[in-house]
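Here are some comments on the model you sent, for you to read alongside the coordinates.

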Amino acid sequence: QVQLVESGGGLVQAGGSLRLSCAASGRTFSRGTMGWFRQAPGKEREFVGAVRWRGGNTYYADYADSLKGRFTIWRDNAKNTMYLQMNSLRPEDTAVYYCAASEDLVEIVHASRYDYWGQGTQVTVSS
């Protein structure tokens, strides 16, 4: 059984940082795609960023344009875990953050391409 479990969410003041984790079990996704999405109240789920296998031990991370420079994604294959480091947080970053994964190399921005999802973790940024 495949499980993705997010952790690390919480309440932080504007300008602060949080690191989210997504621990995978049942699959490694080491040659696939893992991504982060978020959904704020009353809004659609939006792409945050993702990391895709590029061959060998190389992975490539990409991000939503609006988040580049503040958010960083990487994965630790030994722990079968993906991370999302969020810096300079803003109130508009408040959302439930979801981890998603596919064993294939998928178009990273499309939520429908991912096969597995976590339950989400709440991030709240106060002004």
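The points below take up the strands and then the aromatic residues of what is a predicted model.

1. An open sheet is formed by 4 strands, arranged in the order β1-β3-β8-β7 with antiparallel pairing. Because β1 (3-7) and β7 (71-76) stand at the edges and have a single partner strand each, one side of each is left without a neighbour in the sheet. From one strand to the next, the twist averages 15°.

2. At the β1 edge, the partner is β3 (residues 18-25), which runs antiparallel to β1 and is joined to it by 5 bridges. Within this pairing, valine 5 stands opposite alanine 23 in β3.

3. With ring centres required to lie within 6.5 Å, the count comes to 6 aromatic pairs. The rings of tryptophan 74 and tyrosine 83 have their centres 5.2 Å apart and their planes at 20°, and because planes under 30 degrees apart count as stacked, this pair is stacked.

4. Are the two residues of that stacked pair buried or exposed? Tryptophan 74 has 30% relative accessibility and therefore counts as partly exposed, whereas tyrosine 83, at 13%, counts as buried.

5. Elsewhere among the aromatic residues, Phe37, Phe47, Tyr114 and Trp117 are linked by ring pairs into a cluster. Tryptophan 117 also has a charged group over its ring, since the charged end of arginine 45 sits there, 4.8 Å from the ring centre. The charged end of arginine 45 likewise sits over the ring of tyrosine 98, at 3.9 Å from its centre.

Technical notes. Residues numbered from 1 in each chain as written. Predicted model: local features only at pLDDT ≥ 70, side-chain atom pairs only at ≥ 80, totals over all residues. Heavy atoms only, no water. Phe/Tyr/Trp six-rings, centres within 6.5 Å; stacked < 30°, edge-to-face > 60°. Buried < 20%, exposed > 50% of the residue type's maximum accessible area, 1.4 Å probe, protein only. Lys NZ or Arg CZ within 6 Å of the ring centre and 35° of its normal. Pairing = 2+ DSSP bridges. Helix = DSSP H or I, 4+ residues; strand = E, 2+ residues; numbered from the N terminus. Axes fitted to C-alpha atoms, helices over the stretch in contact; angles between N-to-C directions.
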